[in-house]
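Take a look at the model below. We will walk through it one piece at a time.

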Amino acid sequence: MDTTSRQLFEKACAVIPGGVNSPVRACHNVDSQPLFIAEAHGCRITDVDGHEYVDFVLSWGPMILGHDEPSVTRAVCEAAKRGTSYGAPCPAEVTLAEEVVAAMPSLEMVRMVNSGTEATMSALRLARAATKRDKVLKFVGCYHGHADPFLAAAGSGLATFSIPGTPGVPAAVVADTLLAPYNDIDAVKAIFEQHGASIAAIIVEPVAANMGLVLPKPGFLEGLRAVCDQYGSLLIFDEVITGFRAAFGGAQARFSIDPDLTTFGKIIGGGLPVGAFGGKRRYMELIAPRGGVYQAGTLSGNPLAMAAGIATLRYLKTADYAALEKRTHAFAMELRDILASKGVPIQMPTLASMFCPYFSEQEVTDFATATLCDQALFTTFYKQMRAHGIYLAPSGYETGMVSFVHTDEDFNKALDAARKVIF
Ligand code: PMP
């Protein structure tokens, strides 16, 4: 890392805890320091030291169209000229709500919030109110943002830093959070046999993308739906990552599952701070002011964020998801073969425009198998790829992301870099 990033990081550490506004960005666990980004266009990101990288992080998912996509940038600039926040309804929030409801098979209504964390937090409150029950079942290694009830055995930064929970969360708050291994429907059934009558909801990442990338086994999501139906619990799909990425209609369209509630973030904001939660009308109408379940936000439905989201979804509506999936898969398989030829153990699950290099002999099906991956090998890989101009998420527990604007040249640059990695 060159001087300017290093100097900025030193200054940042004096005024921002750990020098970053979200923990994994610090790059600690990959024995590195963060790059400070000056600008980004398409799938290329440039740091303040003038180095350009092919970006496979894409702001952790939102930038599926690449950075500075002209139609999105134009929409945001035009919106800004009309004022940046009103604290009152504006036409764009109706349009984005209509677009999201039309795209997602299970949705009848949706409310906008400002982050994925707010979305999952609010969806859980709603599920608890609707069922008059307190418990929630989540899966080990799944991440649903940083609201208290979800900070038990969570993925993403907690997995990266091996933090089982976090100080500051009262034991009583997570006492109602039940845990099961991902992909283990028998464990879910056993928990319901014991606690079913008091479980408000199951919340699940339909494709787990915060412990690397773990695909749902055939029948797992269907099994969750059936258990919820049997016990009168709500099924919440956390589609903060998979919404508009696993397919235009999200994982729910891809796997033909009908969740009661769904949470969104990332892509629906086109790179601006947006989240949303939605679902069946009979539940959504319990939200204030229609119903008594309180949920609110000063900046919710922000006109800039809505403009970015609308422009992004309009582009995606006619985008060729199948072609992007094919290209991502071909790239990932070539990457896998290059790494395998170097004698390191490697798994490379892919789905839609996501891929994940796991340095392991064993197929990864849950958090326990994800933790068997060799993080030292990942660190070696990460550091050398970065030195060769490839920007990957700085953790073996995060998924790689591909955008619609990655070209063969970008893939080849990454593959060439991988060929040069020495383990
Ligand atoms: N749910 C999932 C599945 C996520 O991946 C994330 C963030 N990566 C969140 C919720 C929380 O979203 P945010 O960071 O916008 O609060």
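**A helix, two threonines and a ligand**

Just after helix α14, G389 takes a positive phi of about 90°. Keep in mind that this is a predicted model.

Now step back into α14 itself. The helix runs over residues 375-387, which makes 13 residues. How far apart should its ends be? At 1.5 Å a residue, the expected span is 18 Å. The end C-alpha atoms are 18 Å apart, so the expectation and the model agree.

Look next at the start of α14. D374 caps this N-terminal end. One of its side-chain oxygens lies 3.0 Å from the backbone nitrogen of A376.

Which residues of α14 are buried? They are L377, F378, T379, F381, Y382, M385 and R386. An α-helix has 3.6 residues a turn, so residues three or four places apart point the same way. The buried residues of α14 pack against two helices and two strands: α12 (321-340), α15 (408-420), β3 (52-55) and β13 (390-391).

Two threonines come next. T131 sits in helix α4, which covers residues 116-131. Is T131 buried or exposed? Its relative accessible area is 14%. Buried means under 20%, so T131 counts as buried. Its side chain reaches the backbone oxygen of A127 at 2.8 Å. Beyond its neighbours within four places in sequence, T131 is in contact with A200, G232 and L234.

T177 belongs to a strand, β6, made of residues 177-180. T177 has 8% relative accessibility, so it counts as buried too. A polar atom of the T177 side chain lies 2.7 Å from the backbone oxygen of P149. P149 also appears among the contacts of T177 outside its neighbours within four places in sequence, along with V136, K138 and A152.

Finally, turn to the ligand. Which residues are around it? They are S115, G116, T117, Y143, H144, G145, E205, N210, D238, V240, I241 and K266. By class, this shell has six polar, three nonpolar and three charged residues.

Some of these residues make polar contacts with the ligand. The side chain of D238 has an N or O atom 2.6 Å from a ligand nitrogen. G116 uses its backbone instead: a polar backbone atom is 2.9 Å from a ligand oxygen. Y143 also uses its backbone, with an N or O atom 3.4 Å from a ligand nitrogen. How much of the ligand does the protein cover? On its own, the ligand has 390 Å² of accessible area, and the protein covers 82% of that.

Technical notes:
Residues are numbered from 1 along each chain as its sequence is written. This is a predicted model: local features need pLDDT of at least 70, side-chain atom pairs count only at pLDDT 80 or more; totals for chains, interfaces and linings use all residues. Side-chain values use heavy atoms; hydrogens and water are left out. A residue is near a molecule or strand if one of its heavy atoms lies within 4 Å of it. A polar contact is a pair of N or O atoms within 3.5 Å; within protein, one must be able to donate a hydrogen and the other to accept it, and residues adjacent in sequence count only if both atoms are side-chain atoms. Accessible areas come from the Shrake-Rupley method with a 1.4 Å probe; for residues, only the protein chains shown count as cover. Ala, Val, Leu, Ile, Met, Phe, Trp, Tyr, Cys and Pro count as nonpolar, Asp, Glu, Lys and Arg as charged, and the others, Gly among them, as polar. Helices (H or I, at least four residues) and strands (E, at least two) are DSSP runs, numbered from the N terminus. The expected span of a helix is 1.5 Å times one less than its number of residues. Buried means under 20% relative accessible area, exposed over 50%, partly exposed in between (1.4 Å probe, protein chains only). Contact means heavy atoms within 4.5 Å.
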